[in-house]
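This report looks at how some of the helices pack against one another and at where empty space is left inside and on the protein. Please keep the structure open while reading, so that each residue can be found as it is named.

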Amino acid sequence: MIRQDFHRIDPKRRATLDYKKKQFATPTYKQQEYPHRLNFYDVPPTAEITLEQFEQWAIDRLKVLAEIEACSYRNKTPAETEAHITPLLKKFLPLSANTSSASGAADQRLKNERQKDHYSHFILRLAFAATEDLRRRFVRAETMLFKFRFQQDDTRERRAFIESLNLDWEPVSDEERQELSEHLVSATPGLRRSDEETWYKVDWERVPELVERRAVYLRKGKAYVPGREQQSMIVAEFTARLEKAMELTSRALPRLDEDDRLTPILNHLSKNFGSAESVYSQGEGVVDGAPMTAASIDHLSQHFPLCMRNLHMTLRKNGHLKHFGRLQYTLFLKGIGLSLDECIVFWRQAFRGFTESEFNSRYRYNIRHAYGDVGGDANRRNRGYPPYSCQKILNDNAPGTGQTHGCPYRHFSVDNLITLLQATGVHDKELLREVREDVEKTRYHIACNRVFEWVHKAEIKKVKEDGTWSQTDLDTIVHPNTYFKRSYLLKHMGKPSRDSS
């Protein structure tokens, strides 16, 4: 007979566990080291950062990724992309080489830069893991950023980084290289002899870019890659690892749902991918010296983005706009510098079918409220509502029957959009074809920027050639008031002020 207490532990020898101590013990974090400028982001960060850092670092990286994606969609050449991205990286996501560190202060700056790069990547990884489309776009933009940095890296540091990865590339033996010499030379552009290179064998799926360009020899599922194509192998490895990591991250997302601090930030970031919403500051869209009166709005409307141009044209045609259209347009006019008094005059003249009494009782108060002239203390203190950004217009209050607010690129049918563009003077067939393609792929901000660049192509070329505008002055427009200001300055050849915009 087996004794029932055979597996029991002597109570006197049982360890005393304090469950409270275990549950609420302060976790020990390992400080991340960053020996290399480049990063495959294999190890998640563990040290604590503030909620402000969490949000700001992610926004800064999002601005860079959004511009990288925009350059790709607008078919910019590698040289144009480099010129466009370099100043943005220096401003929002600098990443210095080890050789730039020559003092204690420089060492700390380098560490801070790499920590921000590391954390911001993982924060956006959380934000964009929710859907397949967001994951795909994030991987593509991050891969382009990594490739750009890889190309810019110091040769010695790049070699050290590659060695640290311990990649399982199989070297091709001298015997196999000699056996396949003829095939290797014929399959590799620019190669005369196979012994000019060090060769590696990898699964062909790991170098899709080389396979697509037919720049490697394929045999039995293996790609024979010359050492000169090391960049393609590294970039492909980065992409493969990130795609796998994003799948794992998407499965872990439900565990974040109960965190009411992070979830709203992550949702906001994911909504703004592609048109990163910048914080609008008072007076940002105002052009010094521009004639800003009720009587000048008709003439100035040629510089308005399509959303505001449509509202203006509808107002002039019908003598009325519904509530959301009035609010969207009023805040825009406020943002370009139209005073409250002049704005009231503008709307009173536009609403020609209403008596003075009807206008005052039904509309005057709302205009004053938008400007912060009336309303609660908070509204007056904040000077009313800020002008709507592109992202807010795209996501808030889709127009219903009879309403004209919103974004034409998103809320119009494609045929009606093309008709509206033609009514504003856009007739180029190739441009309209590209706009159709952008809209079908939900790249609304790209379509708007594409039209802007076509309308102002002569002026943009001139300011680039004479150096009066930097590449940063021509970054992607994500606010209607920025559109107006940039259009007006280009047509009048004014110099943009980076302090106000």
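In this predicted model, the axes of H2 and H3 come within 10 Å and cross at roughly 175°. Because an angle over 145 degrees counts as roughly antiparallel, the two helices H2 and H3 are roughly antiparallel to each other. On the H2 side the contact involves Asp60, Lys63, Val64, Glu67, Ile68 and Cys71, which meet Thr81, His84, Ile85, Leu88, Leu89 and Phe92 in H3. Sorted by class, the residues of this contact between H2 and H3 comprise seven nonpolar, two polar and three charged.

Further along the chain, helix H15 (residues 340-350) and helix H16 (residues 356-370) have axes that come within 11 Å and cross at roughly 140°. H15 and H16 are therefore oblique to each other, and their crossing is right-handed. From H15 the contact draws on Leu340, Cys343, Ile344, Trp347 and Arg348, and from H16 it draws on Glu356, Phe359, Arg364, Ile367 and Arg368. The residues of the contact of H15 with H16 divide into six nonpolar and four charged, with no polar residue among them.

A third pair is formed by helix H20 (residues 414-423) and helix H21 (residues 429-440), which pack at an angle of about 140° with their axes 11 Å apart. H20 and H21 are therefore oblique to each other, and H20 passes H21 in a right-handed crossing. The residues that make this contact are Val414, Asp415, Leu417, Ile418, Leu421 and Gln422 of H20, together with Leu432, Val435, Arg436 and Val439 of H21. By class, the contact of H20 with H21 has seven nonpolar residues, one polar residue and two charged residues.

The report now turns from helix contacts to empty space. Rolling a probe the size of a water molecule over the atoms shows where such space is left. The volumes and the classes of the lining residues are set out in the table.

| Space | Volume | Lining by class |
|---|---|---|
| Largest pocket | about 860 Å³ | 12 nonpolar, eight polar, nine charged residues |
| Largest cavity | about 180 Å³ | 14 nonpolar, three polar, no charged residues |
| Second largest cavity | about 50 Å³ | four nonpolar, one polar, four charged residues |

The largest pocket is lined by 29 residues, and those nearest its centre are Arg140, Thr143, Met144, Lys147 and Val235. Several helices contribute to this lining: helix H2 (51-73), helix H3 (78-92), H5, helix H9 (208-212) and helix H10 (230-252) each supply at least two residues. The largest share of the lining of the largest pocket comes from H5, which gives nine residues.

How many cavities of 30 Å³ or more are counted? The count comes to two cavities of 30 Å³ or more. The largest cavity has a lining of 17 residues, of which Cys307, Cys390, Cys407, Tyr409 and Cys448 lie nearest its centre. Helix H13 (306-318), helix H18 (390-395), helix H19 (408-411), helix H22 (444-455) and helix H24 (480-491) each supply at least two residues of this lining. Among the contributors to the largest cavity, H22 gives the most, with four residues. No charged residue takes part in the lining of the largest cavity, which has 14 nonpolar and three polar residues.

The second largest cavity is lined by Arg37, Leu38, Asn39, Tyr41, Arg61, Glu142, Leu145, Phe146 and Arg149. Helix H5 (residues 132-152) gives the most to the lining of this second largest cavity, with four residues, just as the largest share of the lining of the largest pocket comes from H5. Four charged residues belong to the lining of the second largest cavity, alongside four nonpolar residues and one polar residue.

Definitions and conventions: Residues are numbered from 1 along each chain as its sequence is written. This is a predicted model: local features need pLDDT of at least 70, side-chain atom pairs count only at pLDDT 80 or more; totals for chains, interfaces and linings use all residues. Side-chain values use heavy atoms; hydrogens and water are left out. Axes are lines fitted to C-alpha atoms, for helices over the stretch in contact, and angles run from 0 to 180 degrees between N-to-C directions. Angles under 35 degrees count as roughly parallel, over 145 as roughly antiparallel, 65 to 115 as roughly perpendicular and the rest as oblique. A crossing is left-handed if the near helix is turned anticlockwise from the far one by less than a right angle, and right-handed if clockwise. Contact means heavy atoms within 4.5 Å. Ala, Val, Leu, Ile, Met, Phe, Trp, Tyr, Cys and Pro count as nonpolar, Asp, Glu, Lys and Arg as charged, and the others, Gly among them, as polar. On a 1 Å grid over the protein atoms alone, a cavity is a set of points where a 1.4 Å probe fits but cannot get out, and a pocket is an open set with protein on both sides within 12 Å along at least five of seven lines; lining residues have an atom within 4 Å of a point. Grid points are joined across faces, edges and corners, and a volume is the space filled by probe spheres set on the points.
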